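Work through the exercises below with the sequence and the model open side by side. Try each task before reading its solution.

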Amino acid sequence: MSLQPLSKGTSEAPRKSVFSLLKDRTFHDLLSIIKKYKWYYVSAVGSQLLLTAAALLFADTSRRLFNMAPNVPRGSLANILLVFACIAVFQLVFTFINNWIRSALNESVVYEMRRNILGHLQRLPLSFHEHNHSSNSVNIMHNELEIAKNFIVFDVQRLIALPISFIFVGIYLLSVHPMLGLIAIAIGPLQMLSSLVLKTKFKQAAELQNRVTRDVFFTIGETLHGIREVKSNQMENNVDSRMAEIQQRGVAYNVLLTNISTIRSIVKDLPGHLGYIAGIGIGAALMAAGEIGAGGLVAFITLLDKVAEPFTVLVDTINNLQRSVSGARRLYEVMDMAEEDTMTGQSLAPGAPSVSFDEVAFQYVEGTATLQNLSFSIPAGSSLALVGPSGAGKSTIVKLLYRFYDPEQGTVTLNGKPLESYAIHSVRERMALVSQDIFLFDGTVAQNIEVGRPGATRDEIIRAAKLAQAYDFIEALPRGIDSEIGERGIKLSHGQKQRLSIARAILRDASLLILDEPTSALDVETEASFQRDLGEWASNCTKIIIAHRLSTIREADFIVFIDQGEVVESGTAEQLLSRNGRFRSYWEKQSGGMYAEIT
Ligand SMILES: Nc1ncnc2c1ncn2[C@@H]1O[C@H](COP(=O)(O)OP(=O)(O)OP(=O)(O)O)[C@@H](O)[C@H]1O
C-alpha cells in the first residue's frame, strides 16, 4: 500500500461563489429539507421574536422607572418590580423552549441530510466509487455536511427573526429620540462594512483548514482499512509521519484562522464601542437640554445591542456561508452527480437467460482498451468458463453484465435483447455473484446469508448453508447460525467466508450465476463436493465461471480463453487441449505440465 494516493483527499474542485450557490439546484434541494421542518422554524423564529418583545418591555419599563427617579411612588415601584420579575420568568421559559426547538431541529436536519447523502451515494454508479476513496465519502458525510448544516439550521432562522427584531427595536429607539435611534441604527451597517476586512485571507485560511480535516479523515480511513498491510509492511512510522505532517499544517492553519478571525472580530466590534460612546455623550447632552429623561438613555443602552445584532449576525452569516461554500462545495458536487436509473426498462423473464457478447469494446481509461472485439454466447442454462491471464478482462465482463459500466461498442444481450432494454433492477435481481472479494457485513451468520434474499426463512437459510458446505463450521460456532461474525467477517477464515458467500448466492435463487474464483479458498475435498452440489442447486441457472483451477474449469460446457480483452480461443476443454494452442500452453504452465489430469 502506498500512502501517495492520500493527496487525492486534497484535490481542488472548481470554486462556486456564494451567489451562484444560492441559485444551485442542489442547494435548493437541501433548503427543501427546511420546508419539511417548517413548524420547527416557525416555532424557533416565534420564540425568538417573543424574546425580543420581552427585551423591549424590559427597556421600556426601565425607561419609565428612570424617568420617575428619584421620586418613584411606592405603588408604581411595586408594579414595576413585578413586571421585571415576570419578564425574567418569561425570558427563562422562552430561552429554554428556544434551545429545545433548536436542538430538535438541528438533529432532525442532520440525520435527514445524512440519510439523503448516503442514499444518493448508494445510487451513484459504481464508477464513482471505484474512482473515489471511501474516506472522501465519509468526510463528505461528516465534516462538510456539518459545516453546511450550521448555515441551514442556525443562520437561516436568525436571518428571518433578526430583521423583524431590528424593525421593532429601531422604531422604538427612534421614538425615544430620533438622534439616539439613528446612532443605534448606524452601528449595524458599519459593522457590515467591517466584514470586508481580511475577507479573502479568511476564506483562504478556512479552505486550508478544511483540507487538513479531509486529510485527517483520509489517513485514518486508509490506515484502518488496510491495517493488515500497515502492520505486515511495518508502515506504522510512515503513517505516524504523515499524521505529524498533517498535525503541523493543522496547527499552523488553525492559528492563522483564529488570528484572522480575532482581528476581524475586533474590527467588527469597533463601531459598537464608538456608537456607545457617541450615544452616551449625545444622550447626556440631550438630558442636560431637557430633551430626554434619564430613562431614555437607559433604554438606549439596554437596546443598543439588539439593534446592531441583525447586522452583526448578517456579518457572521456571510462568514459562515463562505465557510459553508468552501466546505460544502464537494458535498454539492457529489449531490449533483446523476444517480443510476435502475427501474426504467422491461423486466427480465424468470428462468435461465441466454447471454451473448457481440463485438464488445470497452475502456476504463481513454486510449487504453480493456475489452475489444469480444464475442461469445452462452445458451440458456449452460455454463461457460472464462479463462485467461491476470488483467485479461474477465471481471470487467462481469461488470458489464451487471451494468456497472456500459460497452463503448458492440452489444451485450440477454435472451436476444440488448441489456440496456432491461431495467437494471430486474437484471440484478436475477443475478448472483460469488466473488473472490468477499464482503461480510457486521452481524450474525444468518443475517449475512440472508443478504442474498432479504426475508428468507430460517429453514431456507440453513438449507443454503448446508448446500454451501458451510453448515458444519457454523454449527461449531458458539451460537451457531446466530453467532456474530464481527466487523467484515474478521473472525472467520477465508475459506469459511467463501462458503458463506456461496450460501448467500444459493439463497438468492438466481437464474444467472457468476462464480468468480468460487473455490479458490476451499480445500480439494470441499471443492469436490461444492462442484457436485452446484449441479443440484444451480441446475436451472446460466453460469459464468471465472477460474484458474482446471478442476473448476472442466465442469463448464464451454471455455472462452481471453487475453488482453480479446477472445483468443474457445471450445470445450478437450477441444482446446487437443488444439495445442494458448489454452493448452496456459494450462501447462499452471499445472507444471500435468495437463493429462483433464483427460
Ligand atoms: N476500475 C478500473 N479502472 C481502471 N482500470 C481498471 C479498473 N478495473 C480494472 N481495470 C483494468 O482493466 C484490466 C482488466 O481488469 P480485470 O479486473 O477485468 O481483469 P481480470 O482478468 O479479471 O484479472 P484477474 O484474473 O487478476 O482478476 C486490467 O488492466 C485492470 O488494471
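Two strands pair if DSSP finds at least two bridges between them. Keep in mind that the model is predicted.

**Exercise 1. Find the parallel partners of β7, and decide how enclosed this strand is.**

Step 1. Start with strand β6, residues 431-434. Four bridges join β6 to β7, and the two run parallel. To place the register, take Val434: its bridge partner in β7 is Leu515.

Step 2. Turn to strand β8, residues 542-546. β7 and β8 also pair in the parallel sense, over five bridges. Here Leu513 has Lys543 of β8 as its bridge partner.

Step 3. Check burial. Residues count as buried when 20 or more other C-beta atoms lie within 10 Å of their own. Four of the five residues of β7 (residues 512-516) pass, so the strand is largely enclosed by the rest of the structure.

**Exercise 2. Work out the strand order of the antiparallel open sheet, and name the strands at its edges.**

Step 1. Pair β1 with β4. The two strands are antiparallel and share five bridges. In β4, Thr413 is the bridge partner of Ser356, and Thr411 is the bridge partner of Asp358.

Step 2. Pair β1 with β2. This pairing is antiparallel too, over five bridges. Val355 stands opposite Ile378 in β2.

Step 3. Assemble the sheet. Its four strands follow the order β2-β1-β4-β5, and the sheet is open. β2 (371-378) and β5 (417-418) stand at the edges with a single partner strand each, so one side of each has no neighbour in the sheet.

**Exercise 3. Which residues other than glycine have a positive phi, at Glu359 and Arg403, and how exposed is each?**

Step 1. Recall the usual case. Most residues other than glycine have a negative phi.

Step 2. Take Glu359. Its phi is positive, at about 50 degrees, although it is not a glycine. Glu359 sits in strand β1 (residues 355-362). With 12 other C-beta atoms within 10 Å, Glu359 is exposed.

Step 3. Take Arg403. Its phi is also positive, at about 60 degrees. Arg403 lies in the loop between α12 and β4 (409-414). Arg403 has 19 C-beta neighbours inside 10 Å and counts as partly exposed.

Step 4. Look at Tyr402, in the loop between α12 and β4. Tyr402 counts as partly exposed, with 16 C-beta neighbours inside 10 Å. Its C-alpha atom is separated by 7.7 Å from that of Ile424, 22 residues apart along the chain.

**Exercise 4. Test whether the end-to-end distance of helix α4 agrees or disagrees with its number of residues.**

Step 1. Count residues. Helix α4 covers residues 74-123, which makes 50 residues.

Step 2. Predict the span. At 1.5 Å a residue, α4 should span 74 Å.

Step 3. Compare. The end C-alpha atoms of α4 are 73 Å apart, which agrees.

Step 4. Add burial. In α4, Asn98, Ile101, Leu105, Val109, Met113 and Leu121 are buried.

**Exercise 5. Compare the transmembrane annotation with the secondary structure of the model.**

Step 1. Read the record. The unreviewed UniProt entry lists residues 39-58 and 78-97 as "transmembrane region".

Step 2. Inspect residues 39-58. The chain there is 100% helix and 0% strand. The end C-alpha atoms are 28 Å apart.

Step 3. Inspect residues 78-97. This span is 100% helix and 0% strand, with its end C-alpha atoms 29 Å apart.

**Exercise 6. List the shell around the ligand, and sort its residues by character.**

Step 1. Collect the residues. The ligand is surrounded by Glu130, Tyr364, Val365, Thr370, Gly388, Ser390, Gly391, Ala392, Gly393, Lys394, Ser395 and Thr396.

Step 2. Sort them. Three are nonpolar, seven are polar and two are charged.

Step 3. Find the main contributor. Helix α12 (residues 394-401) supplies the largest share of the shell, three residues.

Step 4. Set the domains beside this list. The assignment gives domain 1 as 26-336 and domain 2 as 355-598. The C-alpha centres of domain 1 and domain 2 lie 55 Å apart.

Technical notes. Residues are numbered from 1 along each chain as its sequence is written. This is a predicted model: local features need pLDDT of at least 70, side-chain atom pairs count only at pLDDT 80 or more; totals for chains, interfaces and linings use all residues. A residue is near a molecule or strand if its C-beta atom, placed from the backbone, lies within 6 Å of it. Ala, Val, Leu, Ile, Met, Phe, Trp, Tyr, Cys and Pro count as nonpolar, Asp, Glu, Lys and Arg as charged, and the others, Gly among them, as polar. The expected span of a helix is 1.5 Å times one less than its number of residues. Domain bounds come from an automatic or database domain assignment. UniProt positions are given in the numbering used here, feature names are shortened, and annotations may be inferred rather than shown by experiment.
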